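Trainee: Could you take me through one part of this structure closely? I'd like to look at how helices pack together inside a chain, and then see what lies around that part.

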Amino acid sequence: MLNLRALFARQEFIIFIVLVVLCAAIAIVNPTAFLTVPNAFRILRACIVIGIFALGALMVLISGGIDVSFPAIAISALYLSTLIIVDTGIDSVPLAFALGGLIGLALGLVNAVFIGIFKLPTLIVTLGTLNLFRGALLFFAGSVRIRLSEVTTNFADATRWNIITVPAARGEASLHFSILILLGLALLVWFILRYTMLGRAIYAIGGDREAAERAGFNIVRTQFFIYGFVGLLAGIAGIVFGILGREADPFSIVGTELDVIAAVVLGGASILGGRGTVVGTLLGVLLITVISSNLVLLGIPTEWQRFVIGALILIGVGIPALQGLRRRAQRTQLIGAV
Amino acid sequence: MANVQVSPTKLKNADAPRLSLDSLIPRDTSIIRLLVITIVLFVVFSLLKPATFPTPINLQSMAFQMSEIGILAIAVALTMISGGIDLSINATANLTAIAVASVITALAPAANTDAGTAATAVTLAILVGLAVGLICGLVNGSLVAYANIPPILATLGTLTLFTGIGTVVTEGAAIFAQERLAEVGNGVIFEIPVPLIIFLLVAVGVHFLLSKSRFGFELYMVGTNPQASRFSGINNRSVLLRTYIISGVLSALAGIVILGRTNAARIDFGDSYVLLAIMICVLGGIDPAGGFGRIIGVVLAVFALQLLSTGLNQVFFDNPGANFFRQFAWGATLLLVLLLNYFSARARQRKTSAR
């Protein structure tokens, strides 16, 4: 039998309801603008990069850490890959992804060394590497924006690799192939978290580090996997960002770190570790994207976006916290009664 | 509570000299190390750039630059000592600046308003600004202390919320302060920049608050071990609430200084200040896990970072990328200091266990 109470207690379900209600409201107020295939494609397209980032941030949050360096990793991967492609003249999209992934992995492992081996606090380490990577990129590699179409043909052409194209009011609307990358990575992360020993280890470390260690989980190895994998994801996201935006701008991406973490938290992941799901994270990303791109269709001016997102975060984290307080109060009462 | 575990570092922290009367004398190693780094930076850059670095004009301009971030760093430091963090400092500062600029624009709009009216308007505006900071801090403190939301989450939410309010109020545009706060942001008293005086007054005030008052003692207790402090009769919630209120008011003060210097209030000013302030705190020896750290360390870290920034700017004068090398150097310094602390802690541990 379906347990309704348990269903309603899950943050994924609550955020799903919020998303449905919001979409229904927008659809009723402004059906012609919202309920169109081009608009759906636009929303999905806006989800891709932040979605890939969010998958990485989810893993880190579940393990009880916090990573703010992934935007710096992403832009380093994109910019350096573009430079290598231009220098070598090997103009290939798979190469771009391979390079981006490798650079991301390497930079992620730098985080892993500080966090895993030296046991330094994750926020502080990634704060350091955020500045280190971005400063190094801008100083040593360059600070000039590169338009992909001016220096590459294949790489720049990937902007037009669409999987579906439909006619729209003006021209046509398309869904970019990189949505498949997001879905593939989401499946991968879901599988790792749910069905592998590694996934168990990630949840265990975030739930109670000491208990996980005593239970025999190798914490250092798990942290190397987490931060290396997050770097890899960031590198891939960086390449996708470049393809979607048709350029490698070394000043872009950095500054989005807290927004991504907000999306993951909205999706039910606990910043204290041990809790969080892929489905919730994707819903959180979708909700934030709909708010920032479609709230205006509800007649709410765009200036209200951040206010609404902030209020949602506080409600989203406040309810579980208050529930926890009430449970504790009840327990205390029970103990008192005995 | 037999199973309350106290880690070795926490025990060591309890013995640290922070509560002693002569706590002005830096005795713990991280502060001495910072002092040495600061002096070395000054000497090195003075030798590299003797004509431009150790000059009164340069010192003055450095003092102007570091004061606002210094005040913000002290705001973060307080919350970090309590075991939390405040990500909303910059949003609070910008919201304050918007409120102050709005009040000034409303009460003393034209440049030819008479001096008396203008003075009243500015005084009222500053009071309103500090009240905004107090309210922001109250919201943070309530969320952390009474709703039990982890500080990093609560202030991530309010960061977004305050930025949202500021965006709604200003519709994203800048509001100007009619040059009426220029004395606060750009003025000098005996050649000493007013922002620096404000920063140092804040530093001295908070230092004594932490080392001499009952609140300071309780703050360290809550940060070291909230459970133990509760069982020893400290009202954790009230301590946390007051901590975030002070953080909010200090952020508001920084916002007023920023407004004075730039004459324009914008909700998206200084986005990088939040992470920079946290970095300064860690460099200054504030333990992100709470319970340990002193304001003098934060002040020294502000000095050191400013010397590094200005020095590198002058050394790389011909290179347009000087700003970026500065960011690189900040990151590298933070990681190096973390490593230094790690290895010196391990060496200490080994010495202790050998005994």
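Mentor: Happy to; here is a walk through one helix pair in chain B, followed by its surroundings and the contact between the chains.

Please keep in mind that this is a predicted model. Let's begin with the setting. Chain B has 14 helices and four strands. Of its 355 residues, 52% count as buried. Among the contacts in chain B with a separation of 6 or more, 78% are between residues 24 or more positions apart.

Now to the pair itself. Find helix α3 (residues 56-81) of chain B and helix α11 (residues 236-262) of chain B: their axes come within 9 Å and cross at roughly 175 degrees. Angles over 145 degrees count as roughly antiparallel, so that crossing makes α3(B) roughly antiparallel to α11(B). On the α3(B) side, the contact includes B:Ser67, B:Glu68, B:Ile71, B:Ile74 and B:Leu78. From α11(B) come, among others, B:Thr243, B:Tyr244, B:Leu250, B:Leu253 and B:Val257. Sorted by class, the contact of these two helices has 12 nonpolar, five polar and one charged residues.

One residue of α3(B) deserves a pause, and that is B:Ile74. The largest nonpolar core has 213 residues, and B:Ile74 and B:Ala277 touch the most other members. Leaving out residues up to four places away in sequence, B:Ile74 touches B:Val202, B:Ala203, B:Val206, B:Leu250, B:Ile295 and B:Val298. You will recognise B:Leu250 from the α11(B) side of the helix contact.

Next, stay on α11(B) and look for B:Arg237, which is found in that helix. B:Arg237 has 16 C-beta neighbours inside 10 Å, so this arginine counts as partly exposed; a residue would need 20 or more to be buried. Apart from neighbours within four places in sequence, B:Arg237 is in contact with B:Ala145 and B:Tyr146. B:Ser142 is 95 residues from B:Arg237 in sequence, yet their C-alpha atoms are 8.6 Å apart in space.

From there, turn to where the two chains meet. In that contact, 42 residues of chain A face 39 residues of chain B. On the chain A side, α7 (122-141), α14 (257-266) and α16 (305-337) each supply at least two residues. The largest share, 14 residues, comes from α7(A). The chain A side as a whole divides into 30 nonpolar, nine polar and three charged residues.

Since α7(A) gives that largest share, here is a little more about this helix. α7(A) has 20 residues and spans 26 Å from its first C-alpha to its last, close to the 28 Å expected at 1.5 Å a residue. It is mostly covered, with 17 of its 20 residues buried. Just after α7(A) comes A:Gly142, which has a positive phi, near 135 degrees.

To finish, find A:Ile253, in the loop between β4 (247-248) and α14 of chain A. A:Ile253 counts as buried because it has 26 C-beta neighbours inside 10 Å. Not counting residues up to four places away in sequence, it touches A:Pro71, A:Ala74, A:Ile75 and A:Phe241. A:Ile75 is 178 residues from A:Ile253 along the chain, with 6.5 Å between their C-alpha atoms.

Conventions: Residues are numbered from 1 along each chain as its sequence is written. Chains are lettered from A and ligands numbered from 1 in the order in which they are written. This is a predicted model: local features need pLDDT of at least 70, side-chain atom pairs count only at pLDDT 80 or more; totals for chains, interfaces and linings use all residues. Two residues are in contact if their C-beta atoms, placed from the backbone, lie within 7 Å. Ala, Val, Leu, Ile, Met, Phe, Trp, Tyr, Cys and Pro count as nonpolar, Asp, Glu, Lys and Arg as charged, and the others, Gly among them, as polar. Axes are lines fitted to C-alpha atoms, for helices over the stretch in contact, and angles run from 0 to 180 degrees between N-to-C directions. Angles under 35 degrees count as roughly parallel, over 145 as roughly antiparallel, 65 to 115 as roughly perpendicular and the rest as oblique. The expected span of a helix is 1.5 Å times one less than its number of residues. A residue is buried if 20 or more other C-beta atoms lie within 10 Å of its own, exposed if 12 or fewer, and partly exposed in between; C-beta atoms are placed from the backbone. A nonpolar core is a set of buried Ala, Val, Leu, Ile, Met, Phe, Trp, Tyr and Cys residues joined through C-beta atoms within 7 Å.
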